[in-house]
Amino acid sequence: MSQLIDENGVRVQFPDNNYFQFSTCQNYINIKSQKVKETDVGWFDINNNILWLVELKAFDNPNNPRYRPQNLQDQDIMAKWIDELVTKSIHAICMACSNRVDTQTCLPQLPNHQTRINIVHLVKVVPNQSSYLSFMQDAIRAELMAYKAIFNIAGIVVLDYDSARQQNLFPWIV
């Protein structure tokens with residue numbers, strides 16, 4: 001079992017230690033100042049040859065008094081977060097699938113042509129705003145359409161963290 005990874009109350013714990021965080025990898029740190037972004041965590045499911053790129057996002061965190069809730073009803077806020085999640089996805093895909101600046105050294109295993117890639121954005125939303133995530137997912141999928149084709153990405157989802165955890169959609173969402 002991997003260590004628990006917690007970003008403002010959005011938590012994952014993978015069944016083995018084949019996870020990675022670009023943010024702790026020196027080759028990512030070396031390029032971060034060039035406005036390179038990353039997903040919070042990745043996990044290589046070696047048994048099934050699946051690379052998971054996972055972003056943990058809390059738009060609501062009542063346990064943190066300094067946290068400002070993100071109202072997805074506001075079009076400007078929604079557009080900002082769609083852009084941010086698209087950028088993080090593109091950069092993570094490129095770092096995982098290209099070794100031009102040695103970012104593949106961050107991964108526990110290199111993806112091959114048969115590796116399925118899944119992008120998951122786990123979002124803790126303000127109460128009663130989970131319905132906005134389907135719009136966000138559609139917009140992100142549209143923006144990533146070319147990357148999905150080029151990198152043979154199997155799936156791109158935006159999930160309500162609380163619902164995904166309660167429904168046990170993936171056993172590593174805790």
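Two strands pair if DSSP finds at least two bridges between them. Keep that in mind as you work through this predicted model.

**Exercise 1.** Trace the strands that pair with strand 6, and find which residue of strand 6 is the bridge partner of L51.

*Solution.*
- Begin at strand 5 (residues 50–58): over nine bridges, strand 5 pairs with strand 6 in the parallel sense.
- Within this pairing, L51 has I117 of strand 6 as its bridge partner.
- To get from strand 5 to strand 6, the chain passes through helix 2 (residues 75–97), making a right-handed β-α-β crossover.
- Now turn to strand 7 (residues 153–160), which pairs with strand 6 in the parallel sense over seven bridges. Here the bridge partner of I117 is I153.

**Exercise 2.** Explain why strand 6 (residues 116–124) is largely enclosed by the rest of the structure.

*Solution.* Buried means under 20% relative accessible area. Eight of the nine residues of strand 6 meet that cut-off, so strand 6 is largely enclosed.

**Exercise 3.** Place strand 4 (residues 41–45) in its surroundings.

*Solution.*
- Check burial: five of the five residues are buried, so strand 4 too is largely enclosed by the rest of the structure.
- Sort the residues by direction: V41, W43 and D45 point one way, while G42 and F44 point the other way.
- Look at strand 3 (residues 19–20), which runs antiparallel to strand 4 and is joined to it by two bridges; Y19 is partnered with W43.
- Look at strand 5, antiparallel to strand 4 and joined to it by five bridges; W43 is partnered with W52.
- Finish at the hairpin formed by strands 4 and 5: four residues lie between them, and N49 in the turn has a positive phi of about 55 degrees.

Terms used:
Residues are numbered from 1 along each chain as its sequence is written. This is a predicted model: local features need pLDDT of at least 70, side-chain atom pairs count only at pLDDT 80 or more; totals for chains, interfaces and linings use all residues. Side-chain values use heavy atoms; hydrogens and water are left out. Buried means under 20% relative accessible area, exposed over 50%, partly exposed in between (1.4 Å probe, protein chains only). A crossover is right-handed if, with the strands pointing away from the viewer, the path from the first strand over the helix to the second runs clockwise.
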